[in-house]
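Please walk me through the structure below, with attention to its enclosed and open spaces, its backbone geometry and its sheet.

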Amino acid sequence: MEKKIPYKIYLNENEIPAQWYNVRADMKVKPAPLINPATGKPMTLEDMNPVFCEELNKQELDNDNRYIDIPAEVLDFYKMYRPSPLTRAYFLEKALGTPAHIYYKFEGNNTSGSHKLNSAIAQAYYAKKQGLKGVTTETGAGQWGTALSMACAFFGLDCQVYMVKCSYDQKPFRREVMRTYGAKVTPSPSDTTEIGRKILAEHPGTTGSLGCAISEAVEAATKQEGYRYVLGSVLNQVMLHQTIIGLETQAALKKYDIKADIIIGCAGGGSNLGGLATPFIGEMLRGEADYRIIAVEPASCPSFTRGRFAYDFCDTGRICPLAKMYTLGSQFIPSANHAGGLRFHGMSPVLSQLYHDGFLEACAVEQTSVFDAAVQFARTEGILPAPESSHAIKVAIDEALKCKESGEAKNIVLGLTGTGYFDLYAYEKYNNGTMNDYIPTDEELTEYLAKIPKVEE
């Protein structure tokens with residue numbers, strides 16, 4: 001007799017995983033090392049310690065330990081909002097008329113409104129443990145900056161956030177939440193840093209990008225005693241902390257003997273997708289199971305689908321390490337009309353290597369179709385989804401409709417990174433019919449790709 005699947009599958013707080021999962025330990029082909037732009041050689045702990053927190057650097061370079069203990073203080077903080085529910089989208093399934101079973105892992109049950117808090121609290125903990133005064137960072141749509149401001153307030157750290165200018169202007173309420181938690185928020189590019197002033201001179205009137213904001217945040221950290229730079233996506237350490245999402249998802253599915261067939265996540269820098277998918281990819285790497293993993297990116301910033309797998313700078317100012325990743329070129333600045341935070345020119349080196357080796361696939365979708373899916377989800381499931389994770393919703397709906405045609409009852413799992421209540425400017429444009437789709441031309445991308453540095457491997 002088939003087990004009745006409840007609307008929400010809950011774990012209790014004692015079932016929260018006590019360790020993060022490090023997929024690099026299981027990867028046969030390891031991600032290429034970060035390169036020091038000054039020496040042209042792989043980054044060492046000594047190279048990284050002046051910029052990042054020491055313990056986080058060890059996690060960044062760890063290729064050997066499959067599991068890393070979650071500190072007790074971090075685990076206790078997780079218990080304020082974790083475990084998050086895995087929800088069966090019965091109402092969406094009914095509206096679609098599909099035999100597919102759709103599950104979403106909802107990460108919006110905290111004040112930051114997104115999954116970003118999972119890594120923010122860990123990074124703030126390690127910064128406090130190191131005895132630092134504060135941290136600097138960048139934020140695109142604002143989820144990461146909001147989460148980090150909360151984490152820094154909890155541990156009594158100063159928090160300085162460089163927010164991509166178009167988001168700073170479009171999302172004043174997100175900005176004000178950060179300020180309420182004590183963060184200093186600066187629109188980027190700004191005239192407060194050398195890099196910012198240079199970018200403004202070269203690109204007058206620019207609406208900014210994550211690459212610009214990263215450059216400013218790194219400069220600010222290295223010029224202040226007792227500060228370090230922290231990042232909300234892309235790096236291995238961030239995906240490590242986010243695996244709490246995928247590990248909880250595995251545990252919830254196991255409770256009801258559910259085998260996922262398709263796992264879908266939005267892809268900007270890789271924190272959400274990696275956090276959800278890498279525990280499942282680990283099973284694939286170890287030969288224990290097989291899944292179809294789909295990365296969904298915006299057509300306006302298509303790193304996976306139209307980028308190049310090469311060494312490139314992680315920031316526009318070219319002061320950060322070079323990473324081997326799928327990239328559109330560090331000088332690429334996405335269109336300001338893109339409504340979500342998936343605006344980074346590159347992709348996580350770990351996910352890039354896994355994509356290159358065939359463990360996941362990728363597709364790019366246009367934002368009006370993304371908001372079509374977001375509205376359908378809101379009207380059936382009762383949650384206003386973040387624009388970022390609505391990319392995953394769009395493709396989950398597409399896959400469910402394919403099941404309707406074929407009659408297959410596949411299990412589809414998607415990551416719902418958070419809520420869209422701070423994104424009402426974008427919803428307003430959609431509802432007014434003024435939202436448009438921007439897709440960079442081949443000529444534009446060729447121009448930016450030509451500027452990728454030549455690195456001998």
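**Pockets, backbone, sheet and cavities**

Sorted by class, the lining of the largest pocket consists of 7 nonpolar, 1 polar and 4 charged residues, where Ala, Val, Leu, Ile, Met, Phe, Trp, Tyr, Cys and Pro count as nonpolar, Asp, Glu, Lys and Arg as charged, and the others, Gly among them, as polar. The model is a predicted one, in which local features need pLDDT of at least 70 and side-chain atom pairs count only at pLDDT 80 or more, whereas totals for chains, interfaces and linings use all residues. Residues are numbered from 1 along each chain as its sequence is written, and side-chain values use heavy atoms, with hydrogens and water left out.

The largest pocket encloses about 230 Å³ of space. On a 1 Å grid over the protein atoms alone, a pocket is an open set of points with protein on both sides within 12 Å along at least five of seven lines, a cavity is a set where a 1.4 Å probe fits but cannot get out, and lining residues have an atom within 4 Å of a point; grid points are joined across faces, edges and corners, and a volume is the space filled by probe spheres set on the points. Leu-247, Gln-250, Ala-251, Leu-253 and Lys-254 are among the residues that line the largest pocket, as are Asp-257, Ile-258, Lys-259, Ala-260, Phe-280, Glu-283 and Tyr-291. Helix H11 (236-255) and helix H12 (271-285) each contribute at least two residues to this lining, and the largest contribution, 5 residues, is that of H11; helices (H or I, at least four residues) and strands (E, at least two) are DSSP runs, numbered from the N terminus.

The second largest pocket has a volume of about 180 Å³, and of its 13 lining residues, Pro-37, Met-43, Ile-319, Cys-320 and Pro-321 are the closest to its centre. Its lining comprises 10 nonpolar, 1 polar and 2 charged residues.

One member of the largest pocket's lining, Asp-257, leads on to the backbone. Most residues other than glycine have a negative phi, and most peptide bonds are trans. Asp-257, although not a glycine, has a positive phi of about 55°; this residue sits in the loop between H11 and strand E10 (262-266), and its relative accessibility of 64% makes it exposed, a word used here for values over 50%, with buried for under 20% and partly exposed in between (1.4 Å probe, protein chains only). Val-234, which is not a glycine either, has a positive phi of about 70° and lies in the loop between strand E9 (227-229) and H11, but Val-234 is buried, with a relative accessible area of 5%.

Where are the cis peptide bonds? One joins Arg-82 and Pro-83, with omega about 0°, and Pro-83 belongs to the loop between helix H3 (72-78) and strand E4 (86-88). Another joins Ser-188 and Pro-189, with omega about 5°, and Pro-189 is placed in the loop between strand E8 (184-188) and helix H9 (194-202).

An open sheet of 7 strands follows the order E1-E4-E5-E15-E10-E11-E14, with mixed pairing, two strands being paired if DSSP finds at least two bridges between them. Strand E1 (8-9) and strand E14 (361-365) are at the edges, each with a single partner strand, so one side of each has no neighbour in the sheet. E1 and E4 run antiparallel and are joined by 2 bridges, with Lys-8 having Thr-87 of E4 as its bridge partner.

The structure also holds 5 cavities of 30 Å³ or more. The largest cavity has a volume of about 350 Å³, and of its 28 lining residues, Lys-116, Leu-210, Ser-233, Ser-271 and Gly-341 are the closest to its centre. Strand E6 (134-139), helix H6 (143-155), helix H10 (210-222) and H12 each give two or more residues to this lining, of which the largest share, 3 residues, comes from H12. By class, the lining of the largest cavity divides into 10 nonpolar, 15 polar and 3 charged residues.

The second largest cavity, of about 130 Å³, is lined by 15 residues, with Phe-52, Leu-231, Leu-235, Cys-314 and Pro-321 nearest its centre. Its lining has 12 nonpolar, 2 polar and 1 charged residues.
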